Amino acid sequence: MNLYPVRAIYMAEMARTRRTLLQSIVSPVISTSLYFVVFGAAIGSRISEIDGISYGAFIVPGLIMLMLLTQSVSNASFGIFFPKFSGSIYELLSAPISYLEIVMGYVGAAASKSILLGLIILATSGFFVPLEVAHPFWMLTFLVLTAVTFSLLGFIIGIWAEGFDRLQLVPLLVITPLTFLGGSFYSIDMLPPFWQGVTLLNPVVYLVSGFRWSFYGISDVSLAASVIMICLFLAVCLATIGWIFRTGYRLKP
């Protein structure tokens, strides 16, 4: 494998982020800060603690995960869609670059931007609530695995999309609702038994729960279930991308 084309794609995508710094970094951080203000004032005054953790601190992992999922998908989908839109993807496909190198370049850049954004939001959260990270290794593990997995999902969406409107279809209508309903702002133990069972069908629950466990040692599901879920989703995304390049789905003129 030649790392030069991977580096070229990676640096080009990172350069695009620097050119759109306001949209790529500043806007998500401001949005997350507003979540702290709104939820902290409206709900935090009514819910003092959850499992011994102040409500403001409790929602930090959920907010980071919300931004991580949506930004990973958006960054990767736009990154590969724009070459399709401009027609330059055919030059890329005809160049002496393997499919693995293409995926590594685009997905690596999207994941890097999302991880950086997640760390910035984590640092910003410290201005609003006292934070502690009980298991730093697992926190970084979930951060990286989630960013890579959903960047792969975004890459798939970018290949599938035929217009700019479809790029936001999955993040807005699927990812965001699943994250809000996946325990980002509450513990599923607060729900009635029936709805607890329904909520466990939401795969995002396992990601949020595992990420929250890395902070406070508390979770709605076991750590093993969270790790298995993210690894399973990663495997499905890799298999789907392999099928796309093998069949030429939405890549052929």
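Which residues of α12 are buried? In this predicted model, the buried set of α12 consists of S226, I230, L234, C237, I241, I244 and F245. The helix itself covers residues 223–247, 25 residues in total. From its first C-alpha to its last, α12 reaches 36 Å, close to the 36 Å expected at 1.5 Å a residue. Just after the helix, G248 adopts a positive phi of about 75°. The partners of the buried residues of α12 are α5 (89–94), α6 (99–125), α7 (136–160) and α11 (203–216), against which they pack.

Two residues give a detailed view of this packing. S226, a member of α12, has a relative accessible area of 0% and is therefore buried, the cut-off being under 20%. Not counting residues up to four places away in sequence, S226 touches F142, Y206, S209, G210 and V221. A contrast in distance is offered by L167, which is 59 residues from S226 along the chain, with 27 Å between the two C-alpha atoms. On the α7 side, T149 can be examined in the same spirit. T149 counts as buried because its relative accessibility is 0%. Once its neighbours within four places in sequence are left aside, T149 is in contact with I230, F233, L234 and C237. Of these contacts, I230, L234 and C237 also appear among the buried residues of α12.

The annotation can be set beside the model. An unreviewed UniProt entry places the feature "transmembrane region" at residues 21–43, 55–82, 103–131, 137–157, 169–188, 194–211 and 223–245. Two of these spans were examined for their secondary structure. Residues 137–157 are 100% helix and 0% strand, and 30 Å separates the end C-alpha atoms. For residues 103–131, the helix content is 79%, again with 0% strand, and the end C-alpha atoms lie 35 Å apart.

Attention now turns to the second largest pocket, whose volume is about 170 Å³. Its lining is made up of I9, A12, E13, R16, F78, G79, F82, P83, S86, S88, L92 and Y106. Helices α1 (3–19) and α4 (60–86) each supply at least two of the lining residues. The largest share, five residues, comes from α4. Sorted by class, the lining holds seven nonpolar, three polar and two charged residues.

The segment before α1 contains N2. With a relative accessibility of 38%, N2 counts as partly exposed, because this value falls between the 20% and 50% limits. Although N2 and S98 are 96 residues apart along the chain, their C-alpha atoms are separated by 8.7 Å.

A final local feature concerns the backbone at D51, in the loop between β1 (49–50) and β2 (53–54). What is the phi of D51, which is not a glycine? D51 has a positive phi of about 55°. Most residues other than glycine have a negative phi, so a positive value outside glycine goes against the usual sign. D51 also counts as exposed because its relative accessibility, 52%, is over the 50% cut-off. The loop residue D51 is thus exposed, whereas T149 in helix α7 and S226 in helix α12 are both buried.

Methods. Residues are numbered from 1 along each chain as its sequence is written. This is a predicted model: local features need pLDDT of at least 70, side-chain atom pairs count only at pLDDT 80 or more; totals for chains, interfaces and linings use all residues. Side-chain values use heavy atoms; hydrogens and water are left out. UniProt positions are given in the numbering used here, feature names are shortened, and annotations may be inferred rather than shown by experiment. Helices (H or I, at least four residues) and strands (E, at least two) are DSSP runs, numbered from the N terminus. The expected span of a helix is 1.5 Å times one less than its number of residues. Buried means under 20% relative accessible area, exposed over 50%, partly exposed in between (1.4 Å probe, protein chains only). Contact means heavy atoms within 4.5 Å. On a 1 Å grid over the protein atoms alone, a cavity is a set of points where a 1.4 Å probe fits but cannot get out, and a pocket is an open set with protein on both sides within 12 Å along at least five of seven lines; lining residues have an atom within 4 Å of a point. Grid points are joined across faces, edges and corners, and a volume is the space filled by probe spheres set on the points. Ala, Val, Leu, Ile, Met, Phe, Trp, Tyr, Cys and Pro count as nonpolar, Asp, Glu, Lys and Arg as charged, and the others, Gly among them, as polar.
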